[in-house]
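Me: I would like to go through some of the labels attached to this model and ask, for each, what earns it.

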Amino acid sequence: MAITTFQGFLSTAGLHHGLLVDLCAEQGVITRAQLLAYMERHLIAPAEKDRLIERYCRTAILYAEADCEYTVNPIVAGLVNFYERRGKLTHADFLRDQIYEIGALTDLLQQQLFAEEPVVAQVADTVDKLYLAVRDVRESGYQHYQACMRAFGDMKRNDAGRPIDARIESLRTVHRRYIEPLRELIDPQSEPVRKMALLRRRMADLAADRRLLGESVELDMRRRRLNIDIQYIDYTLIRHFETLIDTSRSLLNSLLEEKSIKEALARCLGNLGSVWPRLQAETIVAPGLMSNQAADLEKVGLFFNDVAHRKFVPRPRPLAIHLPKEEPADRLLLMEETLLACIAKERHIAGWPGFVAREFGDYPPGERLKAMVLPLVITDPPFAVRMGDRPFAIDLNEFEVEMEDFDVTWESIHG
């Protein structure tokens, strides 16, 4: 690249920074409609769009392809994606250390506020240091949130062709370095959270000291700016950290689920050694929390169609099919007519529940239980029931039955 082209590239890259970052995240060819949509999103005036596209092509940021399509210079995409998307990832321990520093300054401010003779200059100097430290946490935390979300997006876009184990290990590394330490910053019982709560109380003490604020208008302005940043950390940055933790856990669970599905599928196909290398290059589960990030059902359906048509089975083996075993329907339901016919035939049955358990043992337990209590609930029975004085108990697999034993006698008037 010539010096003049390089200078033009630098000035063009700094002109619309956000647009360039979004374009470098695209993989492959970008249509003119997509390019115009990106420009619309970044509030570029309609009259400037064509001139900006020409400038991007002239400075070798974009390569013009056939049919009004474009590709991003791969060298530019690599630099932007590394320095912009990955370069702002902050080790989360840095944020924790900064909050501990804020805690030490808060203790110093407390000593100065409750001294016998508070010195306005010392209080103002401590508030200034607190403001700088809190602002550093606010900006670093927000950049860390953006960089982590971009890293997640890069993984979802670019890692589909990588082996599933490598993708899981990569996500676990990001989670361990940049996500897991954030838990300490959102735990109400942790030391950093208690330090921030103490700082809020000290700001309230400072606001209540009208004598100190009356001596210095500048001190009151610094206190107000510091309160704004503290509220941002409490109500926005903490929510961002919770989102990072939930997103990382969701992505990892999706990858683990995909791996288990592929392993189960490979085992079912019966040839793990030859099938698994081909399966691991296919994405079955599209990870994500939001509905617009859910799995592409059409792609999943096409994948399983390929499986059904034995695309992934180099040496298919015949399937053994076992026909269902037929069971007579009269052994599934115990009819009332069957029980009445048994009573009429026997005329007198001593111990009716035991009789049902012996004679109809091959019926389902629920049917036997209904038959045992039928003589007690039937309306206008053609038999007489005599209750006994001894209990009856039986185990019907799902439940234990305890009831009073009774006899059943068929009445002669119904003979």
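Me: Are phenylalanine 355 and phenylalanine 360 buried or exposed?

Reply: In this predicted model, both phenylalanine 355 and phenylalanine 360 are buried, a term that requires a relative accessible area under 20%.

Me: What makes phenylalanine 355 and phenylalanine 360 an edge-to-face aromatic pair?

Reply: Of the 4 aromatic pairs that a search of the whole structure finds, this one has its ring centres 6.4 Å apart, with 85 degrees between the planes. Ring centres must lie within 6.5 Å to pair, and planes over 60 degrees apart count as edge-to-face, so the values of 6.4 Å and 85 degrees satisfy both conditions. Ring pairs also link Phe355 and Phe360 with Trp352 and Tyr363 into a cluster.

Me: Why is helix α16 described as largely enclosed by the rest of the structure?

Reply: The description follows because 6 of the 8 residues of α16, which runs over residues 352-359, are buried. Those residues are Trp352, Pro353, Gly354, Phe355, Val356 and Ala357, and what covers them includes the helices α15 and α17 together with the strands β4, β5 and β6.

Me: What marks a kink in α17, and where does it lie?

Reply: The kink is a bend of about 25 degrees at alanine 371, shortly before proline 375. Both Ala371 and Pro375 are among the buried residues of α17, whose cover includes α15, α16, β5 and β6. From its first C-alpha to its last, α17 reaches 19 Å, close to the 18 Å expected for its 13 residues at 1.5 Å a residue.

Me: Which residues have the most contacts inside the largest nonpolar core?

Reply: They are Ile102, Leu199, Leu226, Phe241 and Leu244, in a core of 44 residues. At least two residues of this core come from each of α6, α7, α8, α10 and α12. Apart from it lies another core, of 23 residues, among them Trp352, Val356, Ala371 and Met372.

Me: Why does asparagine 253 count as partly exposed?

Reply: Its relative accessibility is 44%, and partly exposed is the class between under 20% and over 50%, so asparagine 253 belongs there. Asparagine 253 is found in helix α12.

Me: How do you know that the charged end of arginine 138 sits over the ring of tyrosine 232?

Reply: The charged end of arginine 138 is 4.0 Å from the centre of that ring, where the distance limit is 6 Å and the position must also be within 35 degrees of the ring normal. Likewise, the charged end of arginine 225 sits over the ring of tyrosine 131, at 4.5 Å from its centre.

Key. Residues numbered from 1 in each chain as written. Predicted model: local features only at pLDDT ≥ 70, side-chain atom pairs only at ≥ 80, totals over all residues. Heavy atoms only, no water. Buried < 20%, exposed > 50% of the residue type's maximum accessible area, 1.4 Å probe, protein only. Helix = DSSP H or I, 4+ residues; strand = E, 2+ residues; numbered from the N terminus. Contact = heavy atoms within 4.5 Å. Expected span 1.5 Å × (residues − 1). Bend = angle between axes of the 7 residues up to and from the residue. Core = buried A, V, L, I, M, F, W, Y, C linked by side-chain atoms within 4.5 Å. Phe/Tyr/Trp six-rings, centres within 6.5 Å; stacked < 30°, edge-to-face > 60°.
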